[in-house]
Amino acid sequence: MKCYSFLLESIHKDNSYNDALKVFNTLSDKEKWLVCPKSGKLKNVPTLYRHVIKDKAFIDLYPYNGNKEIGFIILAVNPKYRNQGLTKQLLNQTKEDCKRLGVRKLRWRCESDNEASLKSALSNGFKITAKGKSYYSLEFKI
Ligand SMILES: CC(C)(COP(=O)(O)OP(=O)(O)OC[C@H]1O[C@@H](n2cnc3c(N)ncnc32)[C@H](O)[C@@H]1OP(=O)(O)O)[C@@H](O)C(=O)NCCC(=O)NCCS
C-alpha cells in the first residue's frame, strides 16, 4: 500500500493529484457532485495538504476563504473500501500533520441527506456550527 502526505506547494512536481483523481473516479456521478458541489469535478488546483491512500481514499484541504489556517475538507473513499475506518485513519493523520503545518481549524460541509458524511464527521470529533436548508457545516479545532 502506497501512503503519503505532503504540502501541496509541490503539486506540480508529483503525480498525487492523479492518485487522488483515481480514487475520485471510483465515485458515482451523484457522489462526485456531493464532493465537488460546484462542478462535479476534482480540479487540479493547489491545496494546503493532500493525503492519499493509494487506490482507496484521499483527503484534500483547501484554504477556507483564502485563509491558510483553516482547512476546508474534501474527502472520499473508494466504495470498495468503505466502512473499514479509512476515514478515521485519514483524519487522524491529517490532524497530526496540521499541527506541523499551522492549520488550526478544519471545516467540513455536507449535504443533509449525506448520512455517511455527517456520521463520519461527528464520529471524528467535528461539531456542527451551522445548518442550512440542505447542508451542515462542521468544524474541528486542532
Ligand atoms: C463519507 C465517507 C468518506 C465515509 O467513509 P468510510 O471510510 O466508509 O467511513 P468510516 O468507515 O470511517 O466510518 C465513519 C462512520 O460513519 C458511519 N458510516 C459510514 N458509512 C455510512 C453510511 N452509508 N450510512 C450511515 N453511516 C455510515 C460508520 O458507521 C462510522 O460510524 P462510527 O464511527 O460511529 O462507527 C464515504 O462514504 C464516501 O467516500 N462517500 C462519498 C464521498 C463523500 O460524501 N465525501 C464527504 C463529503 S466531502
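## A quick tour of the fold

Look at contacts in this protein between residues at least 6 apart in sequence, and 59% of them join residues at least 24 apart. Keep in mind that what you're looking at is a predicted model. The protein has 142 residues, and 29% of them count as buried. Its secondary structure comes to 4 helices and 7 strands, and if you read along the sequence you get the pattern β-α-α-β-β-β-α-β-α-β-β.

**Helix H1 and its buried face**

- Start with helix H1, which covers residues 16-24 and has Ser16, Tyr17, Ala20, Val23 and Phe24 as its buried residues.
- Look down the axis of H1 and those buried residues fall within an arc of 120 degrees, so they line one face of the helix.
- Here's the rule of thumb behind that: an α-helix has 3.6 residues a turn, so residues three or four places apart point the same way.
- What covers the buried residues of H1 includes H2, strand S2 (49-53), strand S3 (57-64) and S4.

**The loop after H1**

- Leucine 27 sits in the loop between H1 and H2.
- Is leucine 27 exposed, or only partly exposed? It counts as partly exposed, because it has 19 C-beta neighbours inside 10 Å, and being buried takes 20 or more.
- Leucine 27 and asparagine 78 are 51 residues apart along the chain, yet their C-alpha atoms are separated by 6.6 Å.
- If you leave aside neighbours within four places in sequence, leucine 27 is in contact with Lys32, Val35 and Ala76.

**Strands S2 and S3**

- S2 is largely enclosed by the rest of the structure, because 5 of its 5 residues are buried.
- Tyr49, His51 and Ile53 point one way from S2, while Arg50 and Val52 point the other way, and all are buried.
- S2 pairs with S3 in the antiparallel sense over 5 bridges, and tyrosine 49 has leucine 61 in S3 as its bridge partner.
- The two strands form a hairpin with 3 residues between them, and in the turn aspartate 55 has a positive phi of about 70 degrees.

**The nonpolar core**

- The largest nonpolar core has 29 residues, and the ones touching the most other members are Ala20, Val23, Ala57, Phe58, Ala76, Leu90 and Trp108.
- Lots of elements chip in: H1, S2, S3, S4, H3, strand S5 (105-111) and strand S7 (135-141) each supply at least two residues of this core.
- Two of those well-connected residues, Ala20 and Val23, are also among the buried residues of H1.
- Which residues is phenylalanine 58 in contact with, leaving aside its neighbours within four places in sequence? They are Ala20, Val23, Arg50, His51, Val52 and Ala76.

**Helix H4, a two-sided helix**

- In H4, Ser117, Ser120 and Ala121 are buried.
- These three cover an arc of only 100 degrees around the axis, which puts them on the same side of H4.
- Glu115, Lys119 and Ser123 are exposed on the other side of H4.
- The buried residues of H4 pack against H3, S5 and S7.
- Just after H4, you'll find glycine 125 with a positive phi of about 90 degrees.

**Around the ligand**

- There are 23 residues around the ligand, and Arg82, Thr87, Ala116, Lys119 and Ser123 come nearest.
- Helix H2 (29-35), strand S4 (67-77), helix H3 (86-101) and helix H4 (115-123) each supply at least two residues of this shell.
- Which element gives the largest share of the shell? That's H4, with 6 residues.
- Lys119 and Ser123 show up twice in this tour: they are among the exposed residues of H4 and among the residues that come nearest to the ligand.
- Sorted by class, the shell has 10 nonpolar, 8 polar and 5 charged residues.

**Strands S6 and S7**

- Strand S6 (residues 127-131) lies largely in the open, because the number of buried residues among its 5 is 0.
- S6 and S7 pair in the antiparallel sense over 4 bridges, and a hairpin joins S6 to S7 through 3 residues.
- Isoleucine 128 has leucine 138 in S7 as its bridge partner.

Technical notes
Residues are numbered from 1 along each chain as its sequence is written. This is a predicted model: local features need pLDDT of at least 70, side-chain atom pairs count only at pLDDT 80 or more; totals for chains, interfaces and linings use all residues. A residue is near a molecule or strand if its C-beta atom, placed from the backbone, lies within 6 Å of it. Ala, Val, Leu, Ile, Met, Phe, Trp, Tyr, Cys and Pro count as nonpolar, Asp, Glu, Lys and Arg as charged, and the others, Gly among them, as polar. A residue is buried if 20 or more other C-beta atoms lie within 10 Å of its own, exposed if 12 or fewer, and partly exposed in between; C-beta atoms are placed from the backbone. Two residues are in contact if their C-beta atoms, placed from the backbone, lie within 7 Å. The arc is that of the directions from the helix axis to the C-beta atoms. Two strands pair if DSSP finds at least two bridges between them. A nonpolar core is a set of buried Ala, Val, Leu, Ile, Met, Phe, Trp, Tyr and Cys residues joined through C-beta atoms within 7 Å.
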